[in-house]
Amino acid sequence: MKAIIETLLLETVSQMKQAGTLPADLEPRLQIDRTKDKSHGDFATNLAMMLAKPAKSNPRQLAQQIIELMPEHAAISKIEIAGPGFINFFINPDHLADQISQLLADEHASVQLAATPQTVVVDYSAPNVAKEMAVHHIRSTVIGDAVTRTLEFLGHKVVRANHIGDWGTQFGMLIAYLEIVQNEQASDMELSDLEAFYREAKKHYDEDEAFAERSRNYVVKLQGGDEYCQTMWRKLVDITMEQNQRNYDRLNVSLSDKDVMGESLYNDMLPAIVDDLAAQGLAVEDAGAMVVFLDEYKGKDGDAMGVIIRKKDGGYLYTTTDIACAKYRVAELGADRVLYFIDSRQAMHLQQAWTIARKAGYVPEQVSLEHCAFGMMLGKDGKPFKTRSGGTVKLVDLLDEAEERANALIAEKNQDLADDERAEIATAVAMAAVKYADLSKNRTTDYIFDWDNMLSFEGNTAPYLQYAYTRIQSIFRKAGVDGDSLTGSPQLNEAAEQALAQKLTQFSDVVNNVAAKTSPHLLCTYLYELAGQFMSFYEACPVNKDGVADDVRASRLLLCGATAKVLKLGLGLLGIATLARM
RNA sequence: GACCCCAUAGCUCAGCUGGAUAGAGCAUCUGCCUUCUAAGCAGACGGUCGCAGGUUCGAAUCCUGCUGGGGUCGCCA
């Protein structure tokens, strides 16, 4: 719709240039907005106000000229001037009905595939080995997954990259402790509590000198490719990822073991990278370490900041890994675009690694590297979120609590459900609520973690959206129709019908925005508004009740069908399930 | 010390590239279930958009300064 108005306006502007009303070299940037207030029509442009000065005319007068010159179009029923010079456009309901008809007929609900599909590497989740996932891991995991699904829906090739923390000096200590635990249990073991495991390993390291010595020895052996250490290390990775996978499955996150590309993947590249950077004159030796000095960044003393890429003991740092990682994603994975869903605190570190990678020629200009940063999870006191005992809240505990609350609520709301169906619904509702609480917030800012907000099932929450969907399914059941196969063009007589139809046509814009801005909360806002419009329609426009004429009923069923389709697709992009009943 | 981010209703958050009367949810209050599921609907209450300047037809949005909070800054990741 915006595109139609844009075309018409462009034509008008070029006519005005020819007529000399506007300077010939003027290239105005067209801005067409949806109106907030229905009395201002459906769309508005501020074009006349922007052009008033160059045209040496007053805005309202100019608006009048624009309207007179503008070609007619069947989609627009009325054009008005309002306020200081806004031009308001009113959409013809017949055109809107056509769009609904198209949306119903299209599997993609009128969302076009990208004109130029890209290869996009999405780096998200990235839990640490030998640590249990905590609540703050939801952010990267769930937001990254939603963007991943959205990009795929738009026809891009997406490579999921789970950049797990599977390397570093702590692995000597972990291997040494795993050895002890295994000996005690005389066989392979299940690390039921990874947090405790890590704590105990650390304790041994701090208190037992022989253990610490053995740990340091294991680090060296592991890095040297020692088979025993490699095996033990692999065991730690496998046990951790097995546990993480249970969380992914439970949360309906589309990551699997084949997406694991941890830090260790780049180890073999590191020596050559340092050599190459030195050969290119980018890295120099300083106090025994290899350092890249960047003029773009200043250190504490105000001089160019030195980024260490190899320690004086020969060890590598995570900046080196991230340089290698960027190189790998371009050279091996063929990335056109790389998205990093990582904590905002890593911003400077990533910028440095990327600056070096670009200077070294590993990442060409046209490949974009984007830090899709998110803020920290804070407690109610505004400080970094911790439990009373100072630890983190386990993700599992949050999910368990969510299911318990959902189960209790459903038992109360709907007594007709069998136990197994209720449990199934409870899982879907609970996981949806937890994910949505995170997805619906702008990812860039810090946010407050609160059990009750996170586990709410009322208002702007996933269950509200799921509920809207089940209401539609219920209407289909009662009407005896298959909601997925409805086709045709609705009549849009009531205000609630028009508002709903109009909201439905915005889906495509929103999906494209989510992909461009890597912000799923835009989709959440949209789906909430859509569900809200549907709820109003549901109250105002009965479908199956007595006294509803056949043609009206058929028309309203079409609107229900289109709404169900968009809700299901939209929630699917967020990784949230829809239900037949709840 | 340098650099980056943030500040919107009692609480949690939206607010797109500057646009018309700053919006939701929660909480509080008033109505609405013999009628497609009340996890809902309709409505009320609630604001010095941190403060002060500037840019302009127009600023929560852009610029400068200030205050307050958070983060980061060579041998952890």
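Which residue in β4 is the bridge partner of Ala44? In this predicted model, the bridge partner of Ala44 in β4 is Asn88. That pair belongs to the contact between strand β2, residues 43–45, and strand β4, residues 86–91, which run antiparallel and are joined by three bridges.

The pairing of β2 with β4 is part of an open sheet of four strands, whose order is β1-β2-β4-β3 and whose pairing is antiparallel. Strands β1 (32–34) and β3 (76–82) occupy the edges; each has a single partner strand, so one side of each remains without a neighbour in the sheet. From one strand to the next, the twist averages 25°. In a regular strand, side chains alternate between the two faces of the sheet.

A parallel arrangement is found further along the chain, where strand β5 (residues 119–123) is joined to β6 by five bridges. Within this pairing, Val122 has Arg160 as its bridge partner in β6. Helix α5, residues 137–153, completes a right-handed β-α-β unit together with β5 and β6. Strand β6 itself, spanning residues 157–161, is mostly covered, with four of its five residues buried.

The last feature concerns the surface. Ile308, Leu317 and Tyr318 make a nonpolar surface patch of about 250 Å². One of these residues, Leu317, is located in the loop between β9 (304–310) and α11 (318–331). Leu317 counts as partly exposed because its relative accessibility is 30%, and the partly exposed class lies between the buried limit of under 20% and the exposed limit of over 50%.

Note on methods:
Residues are numbered from 1 along each chain as its sequence is written. Chains are lettered from A and ligands numbered from 1 in the order in which they are written. This is a predicted model: local features need pLDDT of at least 70, side-chain atom pairs count only at pLDDT 80 or more; totals for chains, interfaces and linings use all residues. Side-chain values use heavy atoms; hydrogens and water are left out. Buried means under 20% relative accessible area, exposed over 50%, partly exposed in between (1.4 Å probe, protein chains only). Helices (H or I, at least four residues) and strands (E, at least two) are DSSP runs, numbered from the N terminus. Two strands pair if DSSP finds at least two bridges between them. A crossover is right-handed if, with the strands pointing away from the viewer, the path from the first strand over the helix to the second runs clockwise. Patches are made of residues with over 30% relative accessible area and no salt bridge: like charges are joined within 9 Å, nonpolar side chains (Val, Leu, Ile, Met, Phe, Trp, Tyr) within 5 Å. Accessible areas come from the Shrake-Rupley method with a 1.4 Å probe; for residues, only the protein chains shown count as cover. A salt bridge is a side-chain nitrogen of Lys or Arg within 4 Å of a carboxyl oxygen of Asp or Glu. Axes are lines fitted to C-alpha atoms, for helices over the stretch in contact, and angles run from 0 to 180 degrees between N-to-C directions.
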